[in-house]
Amino acid sequence: MRQLGAGLNAISELKEATPKEKSHLSDEILMFLVINTASLQIIPTNIIAIRSSLGSKNPGGIIMGVWFSSIITFAFITIMTKIYLKIRKESG
């Protein structure tokens, strides 16, 4: 098997562990994709570097805002995915 990224390897293993239709994503794979897409930012190095290069006096001053928005986004998307999975399970 060729070398894949860690995320693709995880999805491959999840697919093997859940033998369902190939066109249907399992709950675990869907939740993995959602969490991966939410991308919690611990230290937003790219934005800090851009702000620093543009002469910002406090390039790291955005960290609290980034943390807040990351946590809110992560919580919202996780809750919405759980609701979706529950509706999908109930509808068959």
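This note goes through a few features of a predicted model, beginning with a side-chain contact and ending with a surface patch.

1. The structure holds 1 salt bridge, and the partners in it are the side chains of Asp-27 and Arg-88, which meet at 2.5 Å, counted from N to O. This pair links distant parts of the chain, since Asp-27 lies in helix 2 (residues 27–38) while Arg-88 belongs to helix 4 (residues 63–91), and the two are 61 residues apart.

2. Is Arg-88 buried or exposed? Arg-88 has a relative accessibility of 17%, and because buried means under 20% relative accessible area, this arginine counts as buried.

3. Helix 2 has 12 residues, which at 1.5 Å a residue should span 16 Å, and its end C-alpha atoms are indeed 16 Å apart, so the expected span and the model agree. The buried residues of this helix are Ile-29, Leu-30, Met-31, Val-34 and Ala-38. As a general point, an α-helix has 3.6 residues a turn, so residues three or four places apart point the same way.

4. Just after helix 2 comes Ser-39, which takes a positive phi of about 40 degrees. Ile-42 is placed in the loop between helix 2 and helix 3 (45–53), and with a relative accessible area of 63% Ile-42 is exposed, because the cut-off for exposed is over 50%.

5. Ile-42 also takes part in a nonpolar surface patch of about 660 Å², where the other contributing residues are Leu-40, Ile-43, Met-64, Trp-67 and Ile-71.

How values were computed: Residues are numbered from 1 along each chain as its sequence is written. This is a predicted model: local features need pLDDT of at least 70, side-chain atom pairs count only at pLDDT 80 or more; totals for chains, interfaces and linings use all residues. Side-chain values use heavy atoms; hydrogens and water are left out. A salt bridge is a side-chain nitrogen of Lys or Arg within 4 Å of a carboxyl oxygen of Asp or Glu. Helices (H or I, at least four residues) and strands (E, at least two) are DSSP runs, numbered from the N terminus. Buried means under 20% relative accessible area, exposed over 50%, partly exposed in between (1.4 Å probe, protein chains only). Patches are made of residues with over 30% relative accessible area and no salt bridge: like charges are joined within 9 Å, nonpolar side chains (Val, Leu, Ile, Met, Phe, Trp, Tyr) within 5 Å. Accessible areas come from the Shrake-Rupley method with a 1.4 Å probe; for residues, only the protein chains shown count as cover. The expected span of a helix is 1.5 Å times one less than its number of residues.
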